[in-house]
Amino acid sequence: MKNIVLFGPPGAGKGTQAEFLKTKYDLIHISTGDVFRYNIKNETELGLLAKSFMDKGNLVPDEVTIDMLKAEVNRNAAANGFIFDGFPRTESQAKSLDIFLAKKNTGIDGMIALEVPENLLVERLLNRGKTSGRSDDQDESKIRNRFNEYESKTAILKNYYQNQDKYFGVDGVGSIEDITAKLEKVIDKLSKSAK
Ligand code: AMP
C-alpha cells in the first residue's frame, strides 16, 4: 500500500497534480475540500456546518474533518493506497491520521510539498475563481485569510513529517507536465525504498 500526502498552500496545484498521479499509481484521491463542497452542494448537515467556515476562508474544525476523512478511507477499504490532498492541515489531524493508518497496519510513505511563492498563488487563485465558481477563490481578503490559516496551523506540518524523514519538497513553479514529472520521481524513489 502507498499513501502520499500532497501538501502545499492554497493554489499550489495539489488537485491538478493528484488527478494525474492517481491514474498512474492506481491510488484513491481524497480531497477534503472536494468532499466538503460535495456536501455543501447536496445540502447535507455536514455541508451546512462546513460552509460557515469555508465561506470565510477558515479551517473546518478538526473533529468534523477527521471523522469525515476516516469515513472516506473506510469507504475505499480495498484501495491500493491514497493521495491525501488538503489533509492533514493541522498537527492534530496529522496525529489522528498516523494513529488511524497504524491500526490498519499501514502509514504515510511521504509528504510531497509543492513549493510556490505567495504572489503567484494569489494570481492563480483569482484566475481559478473566474471559472471554478468558488467564492473563496474570488475575494482577495478570503484568499489572504486562507494563507493566514495555512501559515498559522498548517505550515508546521513540514516539521512533523521532516521529523519522520518523510518530507519531500518539489518546486511547484513551471508547466503542469514538468511538475508531474518531478512528483513522479519522488514517488518512484519512495516505491523503490519500500521494496
Ligand atoms: P481546498 O479545496 O483544499 O482549498 O479547501 C477549501 C476549504 O475547505 C478550506 O479553506 C477549509 O475551509 C476547508 N478544508 C479543506 N480541507 C480541510 C482540512 N483538512 N481541515 C480543515 N478544513 C479543511
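Q: How many aromatic pairs does a search of the whole structure find?
A: Keep in mind that this is a predicted model. Ring centres have to lie within 6.5 Å to count as a pair. Run over the whole structure, the search turns up 3 aromatic pairs.

Q: Is the pair of Phe7 and Tyr150 stacked, edge-to-face or tilted?
A: A pair of aromatic rings is described by the distance of the centres and the angle of the planes. For Phe7 and Tyr150, the centres are 5.8 Å apart and the planes meet at 35 degrees. Stacked needs planes under 30 degrees apart and edge-to-face needs over 60, so this pair is tilted.

Q: How many residues apart are Phe7 and Tyr150 in the chain?
A: Phe7 belongs to strand β1 (residues 2–7), while Tyr150 is part of helix α7 (residues 140–154). The pair therefore links distant parts of the chain, with a separation of 143 residues.

Q: Which helix gives the most to the shell around the ligand?
A: There are 15 residues around the ligand, and Thr32, Arg37, Asn58, Gly86 and Arg89 come nearest. By class, the shell splits into 5 nonpolar, 6 polar and 4 charged residues. The top contributor, with 4 residues, spans 32–41: helix α2.

Q: What share of the ligand's accessible area does the protein cover?
A: Start with the polar contacts: a ligand nitrogen is 2.8 Å from a side-chain N or O atom of Thr32, and a ligand nitrogen is also 2.8 Å from a polar backbone atom of Gly86. Gln93 joins in with a polar side-chain atom 2.9 Å from a nitrogen of the ligand. On its own the ligand has 480 Å² of accessible area, and the protein covers 96%.

Q: Where does the ligand sit?
A: A molecule counts as sitting in a pocket if more than half of its atoms lie within 2 Å of the pocket's grid points. Here the ligand's place is the largest pocket.

Q: Is the peptide bond from Phe87 to Pro88 cis or trans?
A: Most peptide bonds are trans. Pro88 is found in the loop between β3 (81–85) and α5 (91–103). The bond from Phe87 to Pro88 has omega near -5 degrees, and that makes it cis.

Q: What is the phi of Asp26?
A: Most residues other than glycine have a negative phi. Asp26, in the loop between α1 (14–25) and β2 (28–31), isn't a glycine, yet its phi is positive, at about 55 degrees.

Definitions and conventions. Residues numbered from 1 in each chain as written. Predicted model: local features only at pLDDT ≥ 70, side-chain atom pairs only at ≥ 80, totals over all residues. Heavy atoms only, no water. Near = heavy atom within 4 Å. Polar contact = N/O pair within 3.5 Å; in protein donor to acceptor, adjacent residues only side chain to side chain. Areas by Shrake-Rupley, 256 points an atom, 1.4 Å probe, with all protein chains shown as cover. 1 Å grid on protein atoms, 1.4 Å probe; cavity = no way out; pocket = protein on both sides within 12 Å on 5 of 7 lines; lining within 4 Å. Helix = DSSP H or I, 4+ residues; strand = E, 2+ residues; numbered from the N terminus. Nonpolar A, V, L, I, M, F, W, Y, C, P; charged D, E, K, R; others polar. Phe/Tyr/Trp six-rings, centres within 6.5 Å; stacked < 30°, edge-to-face > 60°.
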